[in-house]
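I opened the model and kept notes on what I looked up. They follow in the order in which I worked.

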Amino acid sequence: MIEAPAKKSVMEEAARLSLQLGRLLLVNGADTAQVQTAVERFAAGLGYEARLLISYEALLLTIISGGEFRTKIGQHVAGMTVDMTAVHALNQVADGVVLGKLDADAAGVRLAAVEKGLPSYPRWLVACALGLTAASLSWLFGGDGRVFVVSFVAGAVEILVQQQLRRWRVHPLAVTFITALTGGCVGGLGMRLHPGADPALCLIAPGMILVPGVPLINGIRDALHNNMVLSLARLASALLVVTAIAFGLFAATVLTGVGIPTSGTNPLLPVVQDALFSALATIGYVFLFNVTARVVWACIVCGLCSHALRTALMHLGLDIVTGTLLGSMAAGFLAHVFARRFEAPPATFAFPGVVAMVPGSYVFRAVIASLQIINSPGTAPASLVAQTMSLVISTILLTAAIAIGLAIPLSLRLTPISSNNGHDRR
């Protein structure tokens, strides 16, 4: 009579910890397959068979042992972010339980520490790093020295504004709109004071660093793994964020008088120059994703190689979609190599390596072109309609190319899912 309630209590605690692990992985940027695997391994380490159902709002878990089962729904999933240090720490907890190094109580303590938040980089450093990313992207898109400097300032200022608005708990879409508007206004005014080769880049490049590249990529990967409900939720959320960015940039064009053209092509830089600025562009993302300092250089190598390979292939006459696919595959395979070297999840290296190729500028131009069509109903020129459709199709194909390019190497079980040595220091 005493053992049965005690057993139920133990099962309840195992289910609670398993759900906490899965929720923390999900909100910190882990893909659905990784969450599923980690929770099942964690529960197995505690002596239970687990069945997990993942939705965008909550997780539903059933654990089974000796003919008994418990079904429990987890807490509401808050807004998702990307924190690769947290993902790595959570996988270490799962490994510790599987290997018998952690019991339920010790695992609970470790999970609570991750819940409170792991050490991250100073806000000013993240802002400066992302300012450098925006400046480097402007150079990759064909900007000059003045555009580079103004984009750096605009990118850093908008990230500082974004950080403050989040501390005030402003609605996420409002944060995105205000942040994009701020960066666009700073960039536009900078170009009015000191005109550069392509003023629009001072709006587009800072807007690019706000694009939710990881949710977009994870959404496509979920679709490839037939997790359609979660895929649609991720993609819809990412689309809303991108639209809010585009609206903010459109408002900035009205306020500053610096327009964003709906047409245009990105110039091809020499491969060496492209590699240099691709490496610089990746730096901001490794700080944004809270990647540990000891593996930053590996993330930069992934970003450098993937983008430079795409540029080299385009110099040889390959189209941008195929080049993006092959560049993403290169980033995925390199991520496996570095994952084995550092005993860390491959996503730690893969995501920072490809986010710079996410076609955010195509989306911005597509939204602005759509607004122009709406403002001239029935009289919009056919060329504008065709340009809008081209931008939409290019966005879809490029995003899919990145996701598929990553999915091919990341689907191979060449590396352990996570570290088990416990040495993950800054």
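**Entry 1: terms and ground rules.** I first fixed my words for accessibility: buried means under 20% relative accessible area, exposed means over 50%, and partly exposed lies in between (1.4 Å probe, protein chains only). At 36% relative accessibility, Glu115 therefore counts as partly exposed. I noted that this is a predicted model, in which local features need pLDDT of at least 70 and side-chain atom pairs count only at pLDDT 80 or more, while totals for chains, interfaces and linings use all residues. Residues are numbered from 1 along each chain as its sequence is written, and side-chain values use heavy atoms, with hydrogens and water left out.

**Entry 2: salt bridges.** I took a salt bridge to be a side-chain nitrogen of Lys or Arg within 4 Å of a carboxyl oxygen of Asp or Glu. How many salt bridges does a search of the whole structure find? It finds six. I looked up three of the pairs, and for their places I used helices as DSSP runs (H or I, at least four residues), numbered from the N terminus, with strands (E, at least two) treated likewise.

I began with Glu13, which forms a salt bridge with Arg16; the closest N and O atoms are 2.8 Å apart. Glu13 and Arg16 are three residues apart in helix H1 (residues 3–27), so about one helical turn separates them. I listed Glu13 as partly exposed, at a relative accessible area of 30%. Arg16 is also on my partly exposed list, at 37%.

Next I checked Arg23, which pairs with Glu115 in a salt bridge whose closest N and O atoms are 2.8 Å apart. Arg23 lies in helix H1 and Glu115 in helix H4 (residues 104–116), so the pair ties together parts that are 92 residues apart in sequence. Arg23 is buried, with a relative accessible area of 9%, whereas Glu115 is partly exposed.

The third pair I noted is Asp95 with Arg41, a salt bridge with its closest N and O atoms 2.7 Å apart. This pair links distant parts of the chain: Asp95 sits in helix H3 (residues 84–98) and Arg41 in helix H2 (residues 32–45), 54 residues apart. Is Asp95 buried or exposed? Asp95 is buried, with a relative accessible area of 6%. Arg41 is partly exposed at 26%.

**Entry 3: helix pairs.** Two packed helices are described by the angle between their axes and the distance between the axes. The axes are lines fitted to C-alpha atoms, for helices over the stretch in contact, and the angles run from 0 to 180 degrees between N-to-C directions.

I looked at helix H12 (residues 296–315) and helix H14 (residues 347–354), which pack at about 45° with their axes 8 Å apart. That makes H12 oblique to H14; angles under 35 degrees count as roughly parallel, over 145 as roughly antiparallel, 65 to 115 as roughly perpendicular and the rest as oblique. Contact here means heavy atoms within 4.5 Å. From H12 the contact uses Ala298, Cys299, Cys302, Gly303 and Ser306, and from H14 it uses Thr348, Phe349, Pro352 and Gly353. By class, I recorded five nonpolar, four polar and no charged residues in the contact of H12 with H14. In this scheme Ala, Val, Leu, Ile, Met, Phe, Trp, Tyr, Cys and Pro count as nonpolar, Asp, Glu, Lys and Arg as charged, and the others, Gly among them, as polar.

I then turned to helix H7 (residues 172–193) and helix H10 (residues 228–256), whose axes come within 7 Å and cross at roughly 35°. The residues that meet include Leu173, Phe177 and Arg192 in H7 and Leu240, Phe247 and Thr256 in H10. The contact of H7 with H10 has 15 nonpolar, five polar and one charged residues.

**Entry 4: loops.** Asp144 lies in the loop between helix H5 (123–140) and helix H6 (145–167), and is partly exposed at 24%. Its C-alpha atom is 7.8 Å from that of Asp198, although the two residues are 54 apart along the chain. Leaving aside neighbours within four places in sequence, Asp144 is in contact with Trp139, Gly196 and Ala197.

Most residues other than glycine have a negative phi. Arg169 is not a glycine, yet has a positive phi of about 60°. Arg169 is found in the loop between H6 and H7, and is exposed at 76%. Asn290 likewise has a positive phi, of about 55°, and is not a glycine. Asn290 is found in the loop between helix H11 (271–288) and H12, and is buried at 3%.
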